[in-house]
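Here are some exercises to work through with the model open beside you. Try each task before you read its solution.

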Amino acid sequence: MTEFTKHEPHTVYIKPSKGLAALNLRDLFTFRELIFFMVWRDVKVKYKQTLLGMAWAVVQPVMTMLVFTFLFDRVAKLPTEGVPYPVFSFTALLPWGLFVTALNQGSRSLVAHQNMVTKIYFPRLILPTASVFAGMVDFLIAFVILVILMFYYQVTPAWHLVWTLPLFLLLAIITALGVALWLSAINVQYRDVNQALPFLTQFWLFATPVAYSASVISEEWQLAYSLNPMAGVVNGFRWALLGVGNGPDAALWVSIGISVLIFVTGLFYFKSMEKTFADTI
Amino acid sequence: MTTAISVHNLGKQYKIGAAETKFRYNMLRDVIVDTVSAPIRLAKAMIGKSDRRMNQNYVWALKDVSFDLEEGKVLGIVGRNGAGKSTLLKILSRVTEPTTGTVTVRGRVGSLLEVGTGFHPELTGRENIYMNGAILGMKRTEIDSKFDEIVDFSEVNQFIDTPVKRYSSGMYLRLAFAVAAHLEPEILVVDEVLAVGDAEFQKKCLGKMGDVAQQGRTVLFVSHNMSAILRLTQEAIVLNKGQLIMRAPSQEAVDFYLSSGQSQAGERVWEADEIPAASAPFTPISLKVKERGGKVVDTVRSTEPVTVEFEYKLSSPVTGLRVGLYVSTMRGEYVFTSFDTDTPELYEKFDSRNVGHYISRAELPADIFNEGRYTVGVNASSFGVKRYFMDENALAFTVDISGAPGTQWGEPRVGPVRPRLNWKIEKIA
């Protein structure tokens, strides 16, 4: 017969899970190929039957950057710590764009794949996780644009700091995944999440130093401001790429702490709700 | 022999009433209203005016079910709608978690229900095969090795690199089925009740199931079609209201199910927990078989007309509703189908049916049925729009043929109908 029937089938025990459900990372490992396929599919399908195709990944952040440049540089003349405003804002738009896509796609992922959830078993964590990682392709394309922008404005990267960039990227991903875990699980039961997401994204943008510099926030508010983990990510990106801002300080550690807290609680909340997904979705 | 599936005291509790019928989409607002009104409900309960809902909140879809199944056996599962058959399969395939009890499953569980799950219209046939395979738990190398076989089986070779949204529905289904059929799980669960597709496709599913069983793999088969159960399984369990009431060789189990479960003396009454939420605004109440005198009977005479009454309620107006009957033999062959708006006059008159309490009554003329037992199924649907309610085995009745044409010879006649034909004998030479 086939290759599959030769080896000993593994035994599965099905029983009601109790308390804080075990994370069952082994299952996640067994299905690792599915994560890859889901990411691949999301990327592949995203710009199908569009005229511009992948160019959308460029158009969106560039247009936002142009609007920001007009409003906040030409009109409002916000300080940018000596960096040309387009580069200054684009550096922040990179992680922000990744975060927004991940948050929106991730939070809707379970409901969007209803028929999979109600018909077959697979670790449900795969859905929000894959949605978050699917945003990485857009991020990489936008990154190329940033490099071009930096050449054009002759901005020298902070070479000695650039190595920290992946760490800030990781922080952005953990934050997005954490929030997506919470919201996707809540969305299964309360579709209000769909309605709340656009607002949430908008408010979050205002609370994050994307269009402006974190230095305009007064000293006594800095710590409270860093409760928003995306503030830490955006500041970190500017510091690692352009060498502006404070670098790792108390505020960053607060951001990291909050981000990890959201992620870990999100994971447990997701896991505890997981068993009812198929019944309530 | 090793045990493939071991089910021990399995139970599954579902929340009903408040959670599902009152607010289907579970708005936060409803929860707030509910929370605010909670003290009032509590007060009511304390002074004895208990809200009906409070006791109704939970229902056991499955309770204390235990059985073992050896490797390579084919087990049939029979029971009415709402008896817990589908819940049992869902737990076995790990889609939902049990509330109590344990199950031990040796090997991968696959089901033909998953056909096409995760297919994306924008992806090509080739891409969807890989995607779908991964969703069903196949390894990439496994899909690689079976790829050609899958494509051949699906007969879509020349369109394999076309997005599946350009496929005809038949091609789509064939491709989806081909992937599921090549999964080769150690344990296959088949829920024919929920199977999609046309008769041809369902036949293919059953064929595949037969193959799987012959290869010595374990199969669980849910069906309302008793002849399929008899043909494909050696053993069957009977579920009733979530409990396992019998396990026996198929013939015995089917006989038991047919004689106990369904034939409630020519009458079938639907209880609240047997009606799926999706059937709203249609609520079936009862189905009755009556003899000429108006008495509800289990056995009818083939020489007399019989009346079949289907009583139901509509909680909101429905356009194009048709309520009808399927009559089939115990072996699952259809004898006929008929709807209450079949005639042009009634079709015009009941173009839209208002809110109300109705009876659709049909008179089955004398001299149609042959001797034997027949099942009546009911269906309420708007053609091409929605099927509100369907119960393929609503009730059964027995036909007695004394006095029917041809009884003077005392031999059984083949075929489900026994018409009184207008024979003429002419001597031409």
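Two strands pair if DSSP finds at least two bridges between them, and strands (E, at least two residues) and helices (H or I, at least four) are DSSP runs numbered from the N terminus. This is a predicted model, in which local features need pLDDT of at least 70, side-chain atom pairs count only at pLDDT 80 or more, and totals for chains, interfaces and linings use all residues. Residues are numbered from 1 along each chain as its sequence is written, while chains are lettered from A and ligands numbered from 1 in the order in which they are written.

**Exercise 1. Follow strand E8 of chain B to its partners.**

Solution. Start with strand E3 (residues 74-78) of chain B, which runs parallel to strand E8 (residues 235-240) of chain B and is joined to it by 4 bridges. Here B:Ile77 stands opposite B:Ile237. Next, take strand E9 (residues 243-249) of chain B: 6 bridges join it to E8(B), and the two run antiparallel. B:Asn240 faces B:Gln243 in E9(B). Finally, look at the turn: E8(B) and E9(B) make a hairpin with 2 residues between them, and B:Lys241 in the turn has a positive phi of about 45 degrees.

**Exercise 2. Find the edges of the five-stranded sheet in chain B, then place B:Thr299.**

Solution. The order of this open sheet of 5 strands is E12-E20-E19-E15-E16, with mixed pairing. Strand E12 (299-301) and strand E16 (334-339) of chain B each have a single partner strand, so one side of each is left without a neighbour in the sheet. From one strand to the next the twist averages 30 degrees (axes are lines fitted to C-alpha atoms, and angles run from 0 to 180 degrees between N-to-C directions).

Now go to E12(B), which pairs with strand E20 (residues 386-400) of chain B in the parallel sense over 3 bridges. One bridge partner to locate is B:Asp400, opposite B:Arg301. B:Thr299 is also in E12 of chain B. Is B:Thr299 partly exposed or buried? It has 14 C-beta neighbours inside 10 Å and so counts as partly exposed; a residue is buried with 20 or more other C-beta atoms within 10 Å of its own, exposed with 12 or fewer, and partly exposed in between, with C-beta atoms placed from the backbone. Beyond four places in sequence, B:Thr299 is in contact (C-beta atoms, placed from the backbone, within 7 Å) with B:Phe397, B:Thr398 and B:Asp400.

**Exercise 3. Explain how helix H7 of chain A is enclosed.**

Solution. Count first: 9 of the 9 residues of H7 (residues 126-134) of chain A are buried, so this helix is largely enclosed by the rest of the structure. Then look for the cover, which includes helix H3 (32-46), helix H5 (85-112), helix H8 (136-152) and helix H9 (165-189) of chain A.

**Exercise 4. Describe the contact between the chains.**

Solution. Chain A brings 33 residues and chain B 39 residues. On the side of chain A that touches chain B, H3(A) gives the most, with 6 residues. Last, check the strands: E1(A) and strand E4 (residues 100-106) of chain B pair in the antiparallel sense over 4 bridges, and A:Ile14 has B:Val103 as its bridge partner in E4(B).

Key. Two residues are in contact if their C-beta atoms, placed from the backbone, lie within 7 Å.
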